[in-house]
Amino acid sequence: MLLQKPRGILLRIFSSSDILCNLMKQQGTQVMMTNQTILKEFILVGFSVYPHVQTCLFVVFLCLYMATLAGNLTIMGLTWVERSLHTPMYFFLSALSFSETCYTLSIIPKMLVDLLNKDSHISVIGCGLQMCFFLGLGGTNCILLTLMGYDRFLAICNPLRYPLLMTNVACGQLVASAWVGGFMISLIETTLIFRMSFCIPNLIRHFFCHMRAVLRLSCTDSNFIEFVVTLMSVLGLVGTFLLILLTYVFILSSVLKIPSAEGKQKAFSTCASHLTVVIIHFGFASVVYMKPENSRGDDTLIAVPYTVITPFLSPIIFTLRNKDMKNAFRKIMRNTVVLKK
């Protein structure tokens, strides 16, 4: 009897400890489930950290956006209406204007609405779509700029074969390949990022769903995924830039062989606007994508030149520094005035 009592006491102690362990496990599971809640939306912090200048920023960005739309629509309209602009060079320019119009549509309208609202919500699906279109159209722009450099290379270095190589069908295929290439990389990057689980707080410290800002919300270690998607973006950026640089090396060597100064000036004038846009585009993009993760600086402000300023400057440079575009615009304006009379 004396031996049975301690045994009963021990059984009670072990059973109560099992119950306590089970309760602790259940509570631990609930804590993990709370931290790894399936998020349905994110909150874009954006420019809310600068509340005193949000109205001013809204007016500035709205004006820049309207000017960007007007410039790109003007280029597309001129290349469509004016027969003298029905050439491969202006076909690629029109394709770039259309791509940049879509590019700005994926970010700026949402940003303008958020500047007026106190709470800037975006669904997880909407965030994934915005990221996919932003990366895809950004990649498409890089490839189109490369194709424009390739077009100038053929026109200057191989003028006799140029009409045979740059047919309408070939130009259409090249533009289609630019879209396919840009969105193929974008889909891979977006899929890798959104396969991860995200934790609370669901605050994206940016004005759009930038991949680095979204990856910071991951519940698990995202260093490898961040390395992969950053590497893909940097390789795409550097690869297209090096191809453009290579084409201009060949163009420069061919132009220097032209005996007359007038011929050299004419050859350089056809490349000046494209080269200017390339420097601005890749210069601002390199600051965004090659910035070390631990470096200081507000990512929101750093992204403004690449997402707002570059699309604004591109149509201005391509129209103001291009004689054919200016002549076509003047011609259409004269015809419009004559028709009104």
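**Notebook: Phe58, an aromatic cluster and two helix pairs**

Entry 1. I looked up Phe58 first, and found this residue buried, with a relative accessible area of 18%. I note at the start that the model is predicted. Phe58 lies in helix H2, which covers residues 54-81. Next I asked which residues Phe58 is in contact with, leaving aside neighbours within four places in sequence. I found Leu112, Leu115 and Leu116. For Leu115 I also took the C-alpha separation from Phe58, which is 6.1 Å, with the two positions 57 residues apart along the chain.

Entry 2. I then went to the chain as a whole. The protein chain has twelve helices and three strands. Of its 341 residues, 42% count as buried. I looked up the accessible surface of the chain and got about 19400 Å². Carbon and sulfur atoms hold 70% of that surface. I also checked contacts with a separation of 6 or more in the chain, and residues 24 or more positions apart account for 79% of them.

Entry 3. I searched the whole structure for aromatic pairs, and the search finds 16. One of the pairs I wrote down is Tyr103 with Tyr306, which is edge-to-face, at 6.3 Å centre to centre and 70° between the planes. Where do Tyr103 and Tyr306 sit in the chain? Tyr103 is in helix H3 (residues 88-105) and Tyr306 is in helix H11 (residues 299-320), so the pair links distant parts of the chain, 203 residues apart. I checked whether these two are buried or exposed. Both Tyr103 and Tyr306 are buried.

Entry 4. I stayed with Tyr306 and looked up a pair with Phe134. Phe134 and Tyr306 are edge-to-face, with ring centres 6.5 Å apart and planes at 85°. Phe134 lies in helix H5 (residues 124-157) and Tyr306 in helix H11, so this pair ties together parts that are 172 residues apart in sequence. Phe134 is buried, as is Tyr306. I then asked which residues form one aromatic cluster with Tyr306. The cluster is made of Phe47, Phe61, Tyr103, Phe134, Phe207, Phe208 and Tyr306.

Entry 5. Tyr103 and Tyr306 led me to their helices, H3 and H11. The axes of H3 and H11 come within 11 Å and cross at roughly 155°. An angle over 145 degrees counts as roughly antiparallel, and therefore H3 is roughly antiparallel to H11. H3 passes H11 in a left-handed crossing. I listed the residues that make the contact: from H3 they are Leu93, Leu96, Glu100, Tyr103 and Thr104, and from H11 they are Tyr306, Thr307, Pro311, Ser314, Pro315 and Phe318. Tyr103 and Tyr306 are thus among the contact residues of this helix pair.

Entry 6. Phe134 pointed me to H5, which I compared with helix H9 (residues 223-255). H5 and H9 pack at an angle of about 15°, and their axes are 9 Å apart. Angles under 35 degrees count as roughly parallel, so H5 is roughly parallel to H9. H5 passes H9 in a left-handed crossing. On the H5 side the contact residues include Cys142, Ile143, Leu145, Thr146 and Gly149. On the H9 side they include Leu237, Thr240, Leu243, Ile244 and Thr247.

Entry 7. I looked up one more residue in each of these two helices. In helix H5 I took Gly139, which counts as partly exposed at 23% relative accessibility. Gly139 and Ala178 are 39 residues apart in sequence, and their C-alpha atoms are 8.0 Å apart in space. In helix H9 I took Glu226. Is Glu226 buried or exposed? Buried means under 20% relative accessible area, and Glu226 has 15%, so Glu226 counts as buried. The C-alpha atoms of Glu226 and Arg212 are separated by 7.1 Å, and the two residues are 14 apart along the chain.

Entry 8. My last lookup was Ser48. Ser48 has its place in the loop between strand S1 (41-44) and helix H2 (54-81). At 38% relative accessibility, Ser48 counts as partly exposed. How far apart are the C-alpha atoms of Ser48 and His206? The separation is 9.7 Å, for residues 158 apart along the chain.

Definitions and conventions. Residues are numbered from 1 along each chain as its sequence is written. This is a predicted model: local features need pLDDT of at least 70, side-chain atom pairs count only at pLDDT 80 or more; totals for chains, interfaces and linings use all residues. Side-chain values use heavy atoms; hydrogens and water are left out. Rings of Phe, Tyr and Trp (its six-membered ring) pair if their centres lie within 6.5 Å; planes under 30 degrees apart count as stacked, over 60 as edge-to-face and the rest as tilted. Helices (H or I, at least four residues) and strands (E, at least two) are DSSP runs, numbered from the N terminus. Buried means under 20% relative accessible area, exposed over 50%, partly exposed in between (1.4 Å probe, protein chains only). Contact means heavy atoms within 4.5 Å. Accessible areas come from the Shrake-Rupley method with a 1.4 Å probe; for residues, only the protein chains shown count as cover. Axes are lines fitted to C-alpha atoms, for helices over the stretch in contact, and angles run from 0 to 180 degrees between N-to-C directions. Angles under 35 degrees count as roughly parallel, over 145 as roughly antiparallel, 65 to 115 as roughly perpendicular and the rest as oblique. A crossing is left-handed if the near helix is turned anticlockwise from the far one by less than a right angle, and right-handed if clockwise.
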